[in-house]
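Please look over the sequence and the model below before reading on. The paragraphs that follow go from an enclosed space to the charged pairs, and from there to the fold as a whole.

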Amino acid sequence: MFDLSPDQLSRAAILAIVFVVVVGLVLLIGGSVGERRTLVRRLEETQPQVRLSEDGASLRTQSAQTAWTRLIEAIERRGISLADTRDASVRAKLAAAGFTASEAPRLFTLIRLVLTLGLPALVVGLALASNNPPSMLKLYLIGGCLALLGLYLPNLFVAARAARRQEELVNGFPDALDLMLVCVEAGLGVEAAFDRVGREMSISHPLVSQMMANVVLQLRAGQSREEAMRRMGETVQIDEIRSFATLLIQSDRLGSSIAQTLRVYAAEMREKRRLRAEEKAHRLPVLLSIPLVVCMLPVMIGVLMLPAGIRVIRQLAPALAGG
């Protein structure tokens, strides 16, 4: 069907050989480039660790030398103290919100100071630079309101973050108690149970897993079980977890069964979680009534009263006009 001459056959064979050679070269170069990129990426990943080991520093000291820490130290070297008089309460609030670094209270004070002084200065400066600046009374009121906003806005942020974390911890803690009960009944100790439950809940409840991991690290660092449990309750500032820590401490002191304690307290936590869910469900009709009254009730009144109003106007308008 296809009548090809010897020249055309030789040309097609040469083109096929060139195509195969080019494809082979491309695959070979691409493979070598991919291997080189993989090797470079692995070297970049291991380079910070090598540099860290050569300098003789630890991960803790490396994480401590952040930009915020250097900024705080530079400010305090110039004579401005960022220490709060209520350092213990501020540190407890920040720890409940998840900020457990040693420089967190001083950084919190710095942010409050910058917002308190910076927001009024920025707005007042922009107002004075405008073509029609407001009066001094308005500037004073605006500056005072912005100063109060900058003073209390970090507190509101920390309180909201702490409340959200506490809600997640309370919702995930009953599941952790169930897993811990299974581990204790299987023969594991308290420290091993905390470690196992923390690793198992790292995806489903990361905050609970982090709390368990902190307890395990404290126990392995040499702290007593009572001190580690008490610090766990004080850090999260949740009544249920504080009660759980107290129960474990009393069980350890009295020598009672930890499995029975966990079983009873896990049942109580599940019951409390069910009651909280029922409370939220019972609040829904009350919350739904507000948009219904605000949005739908005026429309319904208008729909019902509008035909009667039109009829009254039609009857009264001729009489008022003298018809």
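A cavity, as the word is used here, is a set of points on a 1 Å grid over the protein atoms alone where a 1.4 Å probe fits but cannot get out, and its lining residues are those with an atom within 4 Å of such a point. The model to which this is applied is a predicted one. When the whole structure is searched, one cavity of 30 Å³ or more is found, and the largest cavity has a volume of about 30 Å³. Which residues line the largest cavity? The lining consists of Arg225, Glu226, Met229, Leu248, Ile249 and Asp252, and these residues divide into three nonpolar, three charged and no polar ones. At least two residues of this lining come from helix H9 (225-236), and at least two come from helix H10 (239-254).

One of the lining residues, Glu226, also leads to the charged pairs of the model. Side chains of opposite charge can pair when their charged atoms come close. Glu226 forms a salt bridge with Arg253, with the closest N and O atoms 2.3 Å apart. This pair links distant parts of the chain, since Glu226 belongs to helix H9 and Arg253 to helix H10, 27 residues apart. With a relative accessible area of 29%, Glu226 is partly exposed, whereas Arg253, at 60% relative accessibility, counts as exposed.

Helix H10 also holds a pair within its own length: Asp239 and Arg242 meet through their side chains in a salt bridge, at 4.0 Å from N to O. These two residues are three apart in helix H10, so about one helical turn separates them. Asp239 counts as exposed, at 54% relative accessibility, while Arg242, at 36%, counts as partly exposed.

A further salt bridge is found between the side chains of Arg273 and Asp175, at 3.6 Å from N to O. Because Arg273 lies in helix H11 (residues 258-320) and Asp175 in helix H6, this pair ties together parts that are 98 residues apart in sequence. Both partners count as partly exposed, Arg273 at 27% relative accessibility and Asp175 at 29%. Elsewhere, Glu191, Asp195, Arg199 and Arg220 are linked in a network of salt bridges. Over the whole model, the count comes to 14 salt bridges.

Against these pairs one may set a charged residue without such a partner. Where does Arg165 lie, and how far away is the nearest side chain of opposite charge? Arg165 lies in helix H6 (residues 136-185), where it is buried yet has no salt bridge, the nearest side chain of opposite charge being that of Glu168 at 6.6 Å. A salt bridge requires a side-chain nitrogen of Lys or Arg within 4 Å of a carboxyl oxygen of Asp or Glu. Leaving aside residues up to four places away in sequence, Arg165 touches Ala96, Ala97, Gly98, Leu207 and Gln210. Arg164 lies in helix H6 as well, but Arg164 is partly exposed, with a relative accessible area of 44%. The C-alpha atoms of Arg164 and Ala97 are separated by 8.4 Å, although these residues are 67 residues apart along the chain.

The contacts of Arg165 with Ala96 and Gly98 direct attention to helix H4 (residues 87-96), in which Val90, Leu94, Ala95 and Ala96 are buried. What covers the buried residues of this helix includes helix H5 (104-129), H6 and H9. Just after H4, Gly98 takes a positive phi of about 105°.

These local features belong to a protein with 11 helices and zero strands, and its pattern, read along the sequence, is α-α-α-α-α-α-α-α-α-α-α. Of the 323 residues in the protein, 24% are buried. Among contacts between residues at least 6 apart in sequence, 62% join residues at least 24 apart. The salt bridge between Arg273 and Asp175 and the contacts of Arg165 with Ala96, Ala97 and Gly98 are places where the reader can follow such links in the model.

How values were computed: Residues are numbered from 1 along each chain as its sequence is written. This is a predicted model: local features need pLDDT of at least 70, side-chain atom pairs count only at pLDDT 80 or more; totals for chains, interfaces and linings use all residues. Side-chain values use heavy atoms; hydrogens and water are left out. Helices (H or I, at least four residues) and strands (E, at least two) are DSSP runs, numbered from the N terminus. Buried means under 20% relative accessible area, exposed over 50%, partly exposed in between (1.4 Å probe, protein chains only). Lys and Arg count as positive and Asp and Glu as negative; His and the chain ends are not counted. Contact means heavy atoms within 4.5 Å. On a 1 Å grid over the protein atoms alone, a cavity is a set of points where a 1.4 Å probe fits but cannot get out, and a pocket is an open set with protein on both sides within 12 Å along at least five of seven lines; lining residues have an atom within 4 Å of a point. Grid points are joined across faces, edges and corners, and a volume is the space filled by probe spheres set on the points. Ala, Val, Leu, Ile, Met, Phe, Trp, Tyr, Cys and Pro count as nonpolar, Asp, Glu, Lys and Arg as charged, and the others, Gly among them, as polar.
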